[in-house]
Amino acid sequence: MKNPFKYGEVVVGEDFADRQKELAELVRDLRDGQRIFLISPRRYGKTSLIMNALMKLKEEGLCTIYLDLYRALSLRQFLEQYASQIAQAAESKLEKAVKVVREILPGIRPNISIAPDGTPSISIDYVVQDQELWKLQEEVYNTPEKLAARKGRRFVVVFDEFQEIANLDGEKIEKAMRASFQHHKRVAYLFAGSKRHLIYDMISDQNRAFYKMGKVMALPKIPREEFSQFLQDRFKKGNFTLENGVMEDILEVTEEYPYNAQFLCHEIWNFCLEEKVVKREVVDTVLNKILERESPIFLALWEGLSVHQRQVLQAIATGGGEKVFSKDFLQQYHLGALSSVQTSIRLLRKKDLLDKEGNIFYITDVFFKEWVMR
């Protein structure tokens, strides 16, 4: 049997860890045409949840569009990728999709291109100058609504890692999007992001275009009991025996993050493949091997930080991230002035090494946290 623990990739079907409640809610709201802001820390399985929802909606006959904003480095690239995805969602045959684009977006020149692996897709060329791209936005944003009316099918559009819009003159784009999206009746929108403070800023600031524009859905951790059972079932299918307490140790050290837990279980599976018995001491042994292997990456991260940023990370890793601005915390870990700590934390969050849950700061990668503590 192949190693059933998958990490670092989108998983669907039986490989998707139980998020039945969130999946049902997301499918229902998107089917009903809602606008949703899905906010989730990294490594929580956000994109896998989205893909499973889109798969179900597509099976129901809806047209689905998925766009990862990490891939768009300019407004032109963003519009090219969006227009291409719209066309391919509307028509399964590329020749028909190209025809649709030409009819609805006369300012766009679509072509069929062949990827290195032989997969055909639509590439988009604009006949407009850069200064005219802002005018073209409205046409592109309104295209899903026009196609939905024309085809008699509802559309669902997902913008994943939506906070990256800030790198493309974000607030101006947000205003252009809202001007179009607020009039759409046949298209549901999902704006998903892993940098929570940036997404919250978008939707909570009265001066921003997306203020109170849709429902906010914060993705929680998978309940421990459900996640534990999911992971145990994977081991059992491979005829592995788990010593009492092993799963609790795994979830404790990985802090119940789906990515981290699947990663650790994947390595434990390989380590115990011959005997198929997982003892409690194996968890620590495999964790040490992971830290040793990842050490060059962590060291590169560490060397890119200032001395004070390293001190703040060590303090949070050792003492927890609660009351980090208190006088006692600053004195206990010799962190100096409050203003210096505030600056270091802001920069660490910008680097995505720290995040915040309520009033508690935490290191986003639990393996990096272990490395820092050691």
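Here is a friendly note on the pockets of this predicted model.

1. Some ground rules. In this predicted model, local features need pLDDT of at least 70 and side-chain atom pairs count only at pLDDT 80 or more, while totals for chains, interfaces and linings use all residues. Numbering runs from 1 along each chain as its sequence is written, and side-chain values use heavy atoms, with hydrogens and water left out.

2. The largest pocket holds about 1300 Å³ of space. A pocket here is an open set of points on a 1 Å grid over the protein atoms alone, where a 1.4 Å probe fits, with protein on both sides within 12 Å along at least five of seven lines; lining residues have an atom within 4 Å of a point. The volume is the space filled by probe spheres set on the points, which are joined across faces, edges and corners.

3. This largest pocket has 49 lining residues, with Val-10, Thr-47, Met-51, Tyr-66 and Asp-160 closest to its centre. Its lining draws at least three residues from each of domain 1 (19-218) and domain 2 (224-373); the bounds come from an automatic or database domain assignment.

4. The second largest pocket offers about 250 Å³. Among its 16 lining residues, Arg-43, Ile-297, Phe-298, Leu-301 and Asp-365 lie nearest the centre. Helix α11 (280-303) gives the most to this lining, with four residues; helices are DSSP runs (H or I, at least four residues), numbered from the N terminus.

Technical notes: Helices (H or I, at least four residues) and strands (E, at least two) are DSSP runs, numbered from the N terminus.
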